[in-house]
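Student: I am new to this structure and would be grateful for a close look at a single part of it. Please begin with a pair of charged side chains and then relate them to their surroundings.

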Amino acid sequence: MREYGFIGVGNMAGAMIGGLLQSKKADASQIIGSCKSAASREKAEALYQIAMTGDNREVAKEAGTLFLCVKPQFLDGVIDEIKDVIRPDQLVVSIVAGRSLAYYQKALYHDVRLIRLMPNTPALVGEGMTAACASESVSQAQMQAVADLCRTFGRFEVVPESLFDVVTAVSGSSPAYIFMIMEAMADAAVLGGMPRAQAYQFVGQAVLGSAKMMLETGKHPGELKDMVCSPAGTTIEAVRVLEEKGLRTAVIEGTRACMEKSVMMNASKS
């Protein structure tokens, strides 16, 4: 038996494994992972020094806590492979988007001990945001252990499952929106004559610092925006044009579309 098993060892699983190892919550001998690609197995073995296999059932049998880290389109097949070896004392943790607690309770068994997570890609640099909800059979100690793990690569919050579609849109998917905005800002800097590599440095640090200001000061983002907008200055002129072009509405509508897609994905698998 091993303490932790990962079915799927992609970027997000890698962030978790790295968090376990760096925080000393586990050593490599306590972790096993699986993926179908031999090249991916070799890469994970080299990076983390953990045991790897191509057999998902082996991981499910060996793990005390089993992490499901596959793409949504592969989950049904994985569940079919492992459902008869999942144990009542085993904690299952899923990071798969668009799959509710009810899905697992139907696909595995009603009282499965399951924690559903929604992390995001900034976890790869230790600045992730992870939401969690759990089935009734999960103990407080089990939730705390998962929370401690997630905090090794960012922030962690328990939320009602009814908010998971919102979490998907405003946290899970939103780095893509931010990167689009950053890319556009860098393009504007290049248009103004700045070398692209330098533009990325300025834009990246501006976004990082702005996020840190909001989180650490606790001030409303509108108040922080107003602090930059001097009367008749350059910033308020930019804000005027962004409002005229519909930036705020575009962000709201894009985020809402993401929520609606998440709702549809969950409904199709309930």
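Student: In which helix do R240 and E237 both lie, and how many residues apart are they?

Tutor: Both residues belong to helix α11, which covers residues 234-244, and they are three residues apart, about one turn of the helix. Helices and strands here are DSSP runs (H or I over at least four residues for a helix, E over at least two for a strand), numbered from the N terminus. The model is a predicted one, in which local features need pLDDT of at least 70 and side-chain atom pairs count only at pLDDT 80 or more, whereas totals for chains, interfaces and linings use all residues. Residues are numbered from 1 along each chain as its sequence is written, and side-chain values use heavy atoms, with hydrogens and water left out.

R240 and E237 meet in a salt bridge, at 2.8 Å from N to O; the term requires a side-chain nitrogen of Lys or Arg within 4 Å of a carboxyl oxygen of Asp or Glu. Side chains of opposite charge can pair when their charged atoms come close. R240 counts as partly exposed, at 42% relative accessibility, and E237 does likewise at 41%. In this scheme buried means under 20% relative accessible area, exposed over 50%, and partly exposed in between, with a 1.4 Å probe and protein chains only. The pair also belongs to a network of salt bridges that links E237, R240 and E244.

Further salt bridges can be set beside this one. E243 joins R248 at 2.6 Å, N to O, and E243 is partly exposed, with a relative accessible area of 39%. D187 pairs with R196, their closest N and O atoms being 2.9 Å apart. The relative accessible area of D187 is 35%, which makes it partly exposed, and R196 also counts as partly exposed at 35%. In the whole structure, a search finds 13 salt bridges.

R99 offers another case. This residue sits in the loop between β5 (91-94) and α5 (101-107). R99 is buried yet has no salt bridge; D76, the nearest side chain of opposite charge (Lys and Arg counting as positive, Asp and Glu as negative, with His and the chain ends not counted), is 4.4 Å away.

Away from these charged groups, the largest nonpolar core holds 34 residues, of which F6, I31, F67, I115 and L117 touch the most other members. Such a core is a set of buried Ala, Val, Leu, Ile, Met, Phe, Trp, Tyr and Cys residues joined through side-chain atoms within 4.5 Å. Its contributors of at least two residues each include β1, α1, α2, β5, β6 (113-118) and α6 (140-150). Helix α1 gives the most, with six residues.

Strand β1 (residues 2-7) runs parallel to β4 (residues 63-68), the two being joined by five bridges; strands are said to pair if DSSP finds at least two bridges between them. Within that pairing, R2 stands opposite A63 of β4. β1 also pairs in the parallel sense with β2 (residues 31-34), over four bridges, and there Y4 faces I31 of β2.
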